[in-house]
Amino acid sequence: PENMNRSQYRTFREKFDRYQDIDISAYQEVLESKRRLAEKREIAGMLKRAERADRNGLVRMMNQLKEEGFLESQAAPAMEKIESKIRALDEKVIDKICPNIMGMSFDEAAEAYEKIEGGAFLPELKTDTLEMIDKRLTKLKMDECELLVEKLKDALKGKIKETDRIHFYEARKIMRGDWEP
């Protein structure tokens, strides 16, 4: 047929596979060109639906492109477009959860970490954001440790005569691993 869909292609492909002794390569070439056209139309339709789709719909489309045997050369550009739409949606949600990571308090950062860890986001985007939040939480804890050590030093002044045997390790150096016993 002039306009063929993918299920018709599979039907014709099965019929052609029955003919073992006959040279049908010319027909197979025509059938493959029809397949490419059918897939191109189907992918174009999917991309039109992607404009209105939510994140779950986009993920389903991406899985459909991966699992249903589309030609890689035709599916790859569509998958990139869909993935960029998913990335934009995920970035928007992450920006709402933590608009300014470096300005967050410990409680805000911990809450954002839990939300992002439990949320459905692209893996690399999720990992990068969680790493940034983890660094922020670590920095806040190191600052707190440093302040507590200073407070302890101030409290010990005048109460202990020999302070040369008391040594406070710098928490930042310990976390980096460049401290000596």
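Buried here means under 20% relative accessible area, exposed means over 50%, and partly exposed lies in between. The model is predicted. Glutamate 108, at a relative accessible area of 44%, is therefore partly exposed. The chain holds 7 helices and 0 strands. Its radius of gyration is 30 Å, whereas a compact globule of 181 residues would have one near 16 Å.

**Overall shape and surface**

- From the N terminus on, the elements run α-α-α-α-α-α-α.
- The C-alpha trace spans about 100 × 35 × 20 Å along its principal axes.
- Of the 181 residues in the chain, 25% are buried.
- About 13,200 Å² of the chain is exposed, and carbon and sulfur atoms supply 52% of that area.
- Among contacts with a separation of 6 or more, 59% join residues 24 or more positions apart.

**Helix α2 and methionine 46**

- Helix α2 covers residues 25–52, which is 28 residues.
- From first C-alpha to last, α2 reaches 41 Å, close to the 40 Å expected at 1.5 Å a residue.
- The buried residues of α2 include the charged-group names Lys34, Arg35 and Glu39.
- Leu31, Ala38, Ile43, Met46, Leu47 and Ala50 are also among the buried residues of α2.
- Methionine 46 sits in this helix.
- Methionine 46 counts as buried because its relative accessibility is 1%, under the 20% limit.
- Beyond residues up to four places away in sequence, methionine 46 touches Met61, Gln64, Leu65 and Phe70.
- Glycine 119 is 73 residues from methionine 46 along the chain, and their C-alpha atoms are separated by 25 Å.

**Helix α4 and aspartate 90**

- The end C-alpha atoms of α4 are 36 Å apart.
- That agrees with the 38 Å that its 26 residues should span at 1.5 Å a residue.
- Buried positions in α4 are Gln74, Ala75, Ala78, Met79, Ile82, Ile86, Asp90 and Ile94.
- The cover over these buried residues includes α2, α3 (55–67), α5 and α6.
- Aspartate 90 lies in α4, which runs over residues 72–97.
- With a relative accessible area of 2%, aspartate 90 falls under the 20% limit and so is buried.
- The aspartate 90 side chain reaches the backbone nitrogen of leucine 122 at 2.8 Å.
- Leucine 122 is also one of the residues that aspartate 90 touches, residues up to four places away in sequence aside.
- The others in that set are Arg55, Ala120, Phe121 and Leu125.

**Threonine 129, isoleucine 101 and glutamate 108**

- Threonine 129 is placed in helix α6, residues 123–156.
- Threonine 129 is buried, because its relative accessible area of 6% is under 20%.
- Leaving out residues up to four places away in sequence, threonine 129 touches Ile94, Cys98, Ile101 and Ile116.
- Isoleucine 101 is found in the loop between α4 and α5 (106–118).
- At a relative accessible area of 11%, isoleucine 101 is under 20% and therefore buried.
- Isoleucine 101 touches Thr129, Met132, Ile133 and Arg136, again without residues up to four places away in sequence.
- Isoleucine 101 and arginine 52 are 49 residues apart in sequence, and 31 Å separates their C-alpha atoms in space.
- Glutamate 108 has its place in helix α5.
- Arginine 136 is 28 residues from glutamate 108 in sequence and 11 Å from it in space, C-alpha to C-alpha.

**Cysteines**

- A disulfide is a covalent bond between the sulfur atoms of two cysteines.
- A search of the whole structure finds 0 disulfides.
- Cysteine 98 counts as buried, since its relative accessibility is 4%, under the 20% limit.
- Cysteine 145 has a relative accessible area of 35%, between 20% and 50%, so it is partly exposed.

Conventions
Residues numbered from 1 in each chain as written. Predicted model: local features only at pLDDT ≥ 70, side-chain atom pairs only at ≥ 80, totals over all residues. Heavy atoms only, no water. Helix = DSSP H or I, 4+ residues; strand = E, 2+ residues; numbered from the N terminus. Buried < 20%, exposed > 50% of the residue type's maximum accessible area, 1.4 Å probe, protein only. Polar contact = N/O pair within 3.5 Å; in protein donor to acceptor, adjacent residues only side chain to side chain. Contact = heavy atoms within 4.5 Å. Expected span 1.5 Å × (residues − 1). Rg over C-alpha atoms; globule rule 2.2 N^0.38 Å. Areas by Shrake-Rupley, 256 points an atom, 1.4 Å probe, with all protein chains shown as cover. Disulfide = S-S within 2.5 Å.
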